[in-house]
Amino acid sequence: MKRNITDVLRRGLDTTIANWPVIVLRIAESLVFAAIAIAGILAAIVPAIVAAGLSADEVMNSADPGGAVVEWLVGHLMLFVWIFALAFIVLGVMIAIHSFVEGGSARIYVDGERAAAKRTGTVRDDLRVFTFDRWLAGGAASWWQIFWVYNLAWSVTLMLVLVPLIITIILMLAISDTVGRVIVGCSGVALAILILIPTGIVTSIWCKKAITICVSRAVSAREALRQGWREFRADLGRHLAVAVIVFVISMALNSLVSGFSVPMNISQHKFPTMALMFAPVRVIAGVIQGMIGAAISSFFLACFVSMTEER
């Protein structure tokens, strides 16, 4: 039977609380992401600093600084190739890790829904099925399909955004007037952003629905996206409403936590030495926001699982 929006949110909350260790694992994922990002930045910056240091005198002492800069860029082409390749690899690793976490989390929530359908106890007790082995097995079984769910869905979105940008570049090359180029360029970027915002929201919902289908029905990435899009369109109101409500809850909670740091930011401008005193509190606020983000992500996924597993 199809649940109304209130029941979907209540079911998602019960599932999230009953299987709270999933939130802890998402927090651990954030820490891993931070470590990977720091390592990637260091791996990119160190070669760049070395290259810049070796060529700084040549640029500064050159009779033609502009030409020297161009020559430096051409001479260090491999450095930029390395930075681009490194960014591509780091992003791929992060998507793969997140796909594993999403797969394991979805497996827990799907199994919880199915277990609750066979039990007659209290709701949260019936939904409580978390074990680390179950989570690992779910991630291992579906991470590759979820990895391609993200890549395929967001590739479609980026193609929609690239079309106006490519047209803008062509028009800018065709126009000789500087003012005209600026107007066309600004208009093209604004149009791309206007396209990106709604398509990005729709793609996020589409991916979340496809992930639940991929885990629940053990189908391929393409099939999960196809079924997810069909079911999303057929039940547009509920999916959009749940997504908007979860987003509003997330913004409200994060704003509440951020509100505590506003007096600190104001006071440190008048008394710079107070920045050090307030540093621990601001770190704690950041940690709390990370925990809220992990809990909201779990809640969002649990709500979509509850709609996918309706009987």
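Me: A salt bridge is a side-chain nitrogen of Lys or Arg within 4 Å of a carboxyl oxygen of Asp or Glu. Why is the contact of arginine 10 with aspartate 7 called a salt bridge?

Reply: The model is predicted, so local features need pLDDT of at least 70 and side-chain atom pairs count only at pLDDT 80 or more, whereas totals for chains, interfaces and linings use all residues. Residues are numbered from 1 along each chain as its sequence is written, and side-chain values use heavy atoms, with hydrogens and water left out. For arginine 10 and aspartate 7 the N to O distance is 2.8 Å, so the pair meets the definition of a salt bridge. The rule gives a count of 15 salt bridges.

Me: What separates arginine 10 from aspartate 7 along the chain, and are the two residues buried or exposed, or partly so?

Reply: Arginine 10 and aspartate 7 are three residues apart in helix H1 (residues 5-18), which means about one helical turn. Helices here are DSSP runs of H or I with at least four residues, strands are E runs of at least two, and both are numbered from the N terminus. An α-helix has 3.6 residues a turn, so residues three or four places apart point the same way. Buried stands for under 20% relative accessible area, exposed for over 50%, and partly exposed for values in between (1.4 Å probe, protein chains only). Arginine 10, at 46%, is therefore partly exposed, and aspartate 7, at 30%, is therefore partly exposed as well.

Me: What makes aspartate 111 and arginine 107 a salt bridge, and where do they lie?

Reply: The closest N and O atoms of aspartate 111 and arginine 107 are 3.0 Å apart, so the definition is satisfied. Both residues belong to helix H4, four residues apart, or about one turn. Aspartate 111 and arginine 107 are both buried.

Me: Which distance supports the salt bridge of aspartate 125 with arginine 128, and which residues form a network?

Reply: The closest N and O atoms of aspartate 125 and arginine 128 lie 2.7 Å apart. Aspartate 125 has 42% relative accessibility and is thus partly exposed; arginine 128, at 44%, is partly exposed too. Salt bridges link Arg3, Arg11 and Glu113 in a network.

Me: Why is the pair of phenylalanine 132 and tryptophan 135 assigned its class of ring geometry?

Reply: The structure holds ten aromatic pairs. Rings of Phe, Tyr and Trp (its six-membered ring) pair if their centres lie within 6.5 Å; planes under 30 degrees apart count as stacked, over 60 as edge-to-face and the rest as tilted. For phenylalanine 132 and tryptophan 135 the centres are 5.8 Å apart and the planes stand at 15°, so this pair is stacked. The two residues are three apart in helix H6 (residues 132-174), about one helical turn. Phenylalanine 132 has 42% relative accessibility and is therefore partly exposed, whereas tryptophan 135, at 7%, is buried.

Me: How do the values for tryptophan 144 and phenylalanine 147 decide their class?

Reply: Their ring centres are 5.6 Å apart and their planes meet at 5°, so this pair is also stacked. Helix H6 holds both residues, three apart, about one turn. Tryptophan 144, at 46% relative accessibility, is partly exposed, while phenylalanine 147, at 13%, is buried. Trp143, Trp144, Phe147 and Trp148 form one aromatic cluster.

Me: What makes the largest pocket a pocket, and which residues line it?

Reply: On a 1 Å grid over the protein atoms alone, where a 1.4 Å probe is used, a pocket is an open set of points with protein on both sides within 12 Å along at least five of seven lines; lining residues have an atom within 4 Å of a point. The largest pocket has a volume of about 440 Å³, and 18 residues line it, with Ser204, Ala243, Val246, Phe247 and Phe300 nearest its centre. H9 gives the most to this lining, with six residues.

Me: How do you know what span H9 should have?

Reply: The expected span is 1.5 Å times one less than the number of residues. The 24 residues of H9 should therefore span 34 Å, and its end C-alpha atoms are 34 Å apart, which agrees. Among the buried residues of H9 are Val242, Ala243 and Val246.

Conventions:
Grid points are joined across faces, edges and corners, and a volume is the space filled by probe spheres set on the points.
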